[in-house]
Amino acid sequence: MPVRYPRPLRPGDRIGVTSPSSGVPEELRERLAVAVRDVEARGYEVVTGRCMDGSGHVSAPAADRAAELMAMLTDPGIRAVVPPWGGETAIDLLPLIDWETVRAAEPTWVVGYSDMSTVMTPLTLLTGVATVHGNNLMDTPYRVPEGLVSWFDVVAAAPGHRFTQIPPERHRASGWDDWAAHPDARTLTLDIPGRWTRLDGGGDVDVEGRLIGGCVEMLCNLTGTPYLDTSAFARTHAPEGLLVYVEAAGDDALAICRYLHGMRLAGFFDAANAVLVGRTAAPDTASLTQHQAVMDALGPLNVPIVADVECGHVPPYLPLVNGARCRVVHTATRSEVTQTLD
């Protein structure tokens, strides 16, 4: 059964903004306004939902957040849903979403990362609809480094579109811009060099499969539930196997090691032809680095494991499409990701 791709966005289409997890505090509302204006400058109409309150860790009660997300996903007039960012507890939405209704609706693009993995990865696994793991709405004003694409490029692409991304080999060392003081920040600070790292040994990597993955700290909580059955997805949509990507947001290496062990034992990586690991600023511990944590947990898979990929919480952002056919090449002189929307 083929993966389903929402139709390409065109000028005049509507984009829904809602916060399935955390909302936006008052001091960052101007940054939100800057991001919305950038979307509108592309010719899109922005529809902002009511679940946007940033005074607590969630934007609204779970029932309200689920209802607003469902309404946007099933409204044929809304062509994409883009949250301001992630958060902490989007997991409470999952039993409140009518997945059958979402599956029956015309597909809608959903874009995001971090806690949005809690919603987007199950959305692809349960409905077969592609989703975009990439920068969130609040990151949208940043200029895209050469070699990468933005989520705008993905959601406007035609069926069958193929695109290659080449990492800029520079990233942000630490910290975040002060959006309260500088809401119109548009230049990513990429102040340290860095390439991808093969963790499982030497030699070139050239591997293909369908993409699926997300944030470790969020997805680990779904292991053993109906919302994270990658094996069933592979049987239905990816007999060629999967390219699984994971990225650590902030937990230390010991915690990430435990989470990845649990995900492996639950079968999350069973159909993986390779594993991509996002670059992270999360801390090492005295006895274990983040790279060692990955190998301790995932080494038994005996597949290529490539780390320091630009698919996580360290800028820049290399969008990955859950469900897309993908080829990853990594050699001593070349690293690239080619995705095909078919």
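Guide: Before we start, a residue is called buried at under 20% relative accessible area, exposed at over 50%, and partly exposed in between (1.4 Å probe, protein chains only). You're looking at a predicted model, where local features need pLDDT of at least 70 and side-chain atom pairs count only at pLDDT 80 or more, while totals for chains, interfaces and linings use all residues. Residues are numbered from 1 along each chain as its sequence is written, and side-chain values use heavy atoms, with hydrogens and water left out.

Visitor: What share of the 342 residues in the protein chain is buried?

Guide: The C-alpha trace spans about 50 × 45 × 35 Å along its principal axes. Of the 342 residues in this chain, the buried share is 59%.

Visitor: What is the radius of gyration of the protein chain, set against a compact globule?

Guide: That radius is taken over C-alpha atoms, and the globule rule is 2.2 Å times the number of residues to the power 0.38. For 342 residues a compact globule would come out near 20 Å, and the chain agrees with that, at 19 Å.

Visitor: How many helices and strands does the protein chain have?

Guide: Both are DSSP runs numbered from the N terminus: helices are H or I with at least four residues, strands are E with at least two. Counted that way, the chain has 9 helices and 16 strands.

Visitor: Which are the edge strands of the open sheet?

Guide: Two strands pair if DSSP finds at least two bridges between them. This open sheet has 6 strands in the order β2-β1-β3-β4-β5-β14, with mixed pairing. Those that pair on one side only are β2 (45-48) and β14.

Visitor: What angle does the direction of α4 make with that of β5?

Guide: Axes are lines fitted to C-alpha atoms, for helices over the stretch in contact, and angles run from 0 to 180 degrees between N-to-C directions. Contact means heavy atoms within 4.5 Å. α4 packs on the sheet and touches β4, β5 (131-133) and β14, and its angle with β5 is about 140°.

Visitor: Is S114 buried or exposed?

Guide: S114 sits in the loop between β4 (109-112) and α4 (117-127). Its phi is positive, near 60°, though it isn't a glycine. With a relative accessible area of 11%, S114 is buried.

Visitor: Which strand holds D308?

Guide: D308 isn't a glycine either, yet its phi is about 65°. At 14% relative accessibility it counts as buried. Its place is in strand β13.

Visitor: Which residue does a cis peptide bond join to P315?

Guide: Look at the loop between β13 (305-309) and β14 (320-322), where P316 is found. Omega is about 10° at the cis bond, and the partner of P315 there is P316.
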